[in-house]
Amino acid sequence: MKRLLTVVVAFVFAAFYSTATFAQCAMCRASVESNISEDGVNFAAKLNTGILYLFVMPYLIALVIGYFWWKKSREQRRFMEEAELRKRRIAGL
């Protein structure tokens, strides 16, 4: 559990630490260049933040689903082990 928490914290930190990245596709770059005359720098910064947000969200959703799946399978495995232990105790009587 501690290792999983470390990986999640590292992933979140890496996702939000990317302030110096320039993640613009060709269409976004053209949009920014056409709006350079009217507050283009601020527009470009907001566009970069939006692109990075859209990039991170699918991975974050997959991580959350994977965590709940792992937790559910661990609980089910414990339940099966406890049931097997009860069967052995009853068989030993």
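Where is the place of Tyr59? Tyr59 sits in helix 3, and I shall use that residue as the entry point to this chain. Please bear in mind throughout that the model before you is predicted.

Let me begin with the overall architecture. The chain contains 3 helices and 0 strands, so that its pattern, read along the sequence, is simply α-α-α. Of its 93 residues, 9% are buried. The chain exposes about 8,300 Å², and 68% of that area is supplied by carbon and sulfur atoms.

A word on confidence is in order before the details. The mean pLDDT of the chain is 80, and 78% of the residues score at least 70. Among the elements of the chain, the highest mean, 87, belongs to helix 3, whereas helix 2, residues 26-34, has the lowest, 70. As a general caution, predicted coordinates should not be read in detail where pLDDT is low.

I return now to Tyr59 and its surroundings. Tyr59 belongs to a nonpolar patch on the surface, together with Phe11, Val12, Phe16 and Phe55. Taken together, these residues present about 530 Å² of accessible area. The elements that contribute two or more residues to the patch are helix 1, residues 2-16, and helix 3, residues 40-92. Helix 1 provides the largest share, with 3 residues. As for Tyr59 itself, its relative accessible area is 48%. Residues in a patch must have over 30% relative accessible area, and Tyr59, which is partly exposed at 48%, therefore satisfies that condition.

The next topic is the aromatic residues. How many aromatic pairs does a search of the whole structure find? The search finds 3. One of them joins Tyr67 and Trp70 in a tilted arrangement, with 6.0 Å from centre to centre and 40° between the planes. In general, such a pair is described by exactly these two quantities, the distance of the centres and the angle of the planes. Tyr67 and Trp70 are 3 residues apart in helix 3, and are therefore separated by about one helical turn. Both side chains retain some accessibility: Tyr67 is partly exposed at 26%, and Trp70 is partly exposed at 33%. Ring pairs also bring in Phe68, so that Tyr67, Phe68 and Trp70 are linked into a cluster.

Finally, I turn to the charged residues. The structure holds 2 salt bridges. In one, Glu82 pairs with Arg86, and the closest N and O atoms are 3.9 Å apart. In the other, Glu84 pairs with Arg88, where the closest N and O atoms are likewise 3.9 Å apart. The cut-off for a salt bridge is 4 Å, so the Glu82 and Arg86 contact falls within it, and so does the contact of Glu84 with Arg88.

Why are Glu82 and Arg86 separated by about one helical turn? The reason is that they lie 4 residues apart in helix 3. Glu84 and Arg88 are also 4 residues apart in helix 3, and therefore about one helical turn separates them as well.

Are these charged residues buried or exposed? Arg88 is exposed, with a relative accessible area of 59%. Glu84, its partner, is partly exposed at 37%. In the other salt bridge, Glu82 is partly exposed at 43%, and Arg86 is partly exposed at 44%.

To conclude, helix 3 recurs in each of these topics. Helix 3 holds Tyr59 of the nonpolar patch, the tilted pair of Tyr67 and Trp70, the Glu82 and Arg86 salt bridge, and the Glu84 and Arg88 salt bridge. Helix 3 is also the element with the highest mean pLDDT in this predicted model.

Notes: Residues numbered from 1 in each chain as written. Heavy atoms only, no water. Patch = residues over 30% accessible without salt bridge, like charges linked within 9 Å, V, L, I, M, F, W, Y side chains within 5 Å. Areas by Shrake-Rupley, 256 points an atom, 1.4 Å probe, with all protein chains shown as cover. Salt bridge = Lys/Arg side-chain N within 4 Å of Asp/Glu carboxyl O. Buried < 20%, exposed > 50% of the residue type's maximum accessible area, 1.4 Å probe, protein only. Phe/Tyr/Trp six-rings, centres within 6.5 Å; stacked < 30°, edge-to-face > 60°. pLDDT = per-residue confidence, 0-100.
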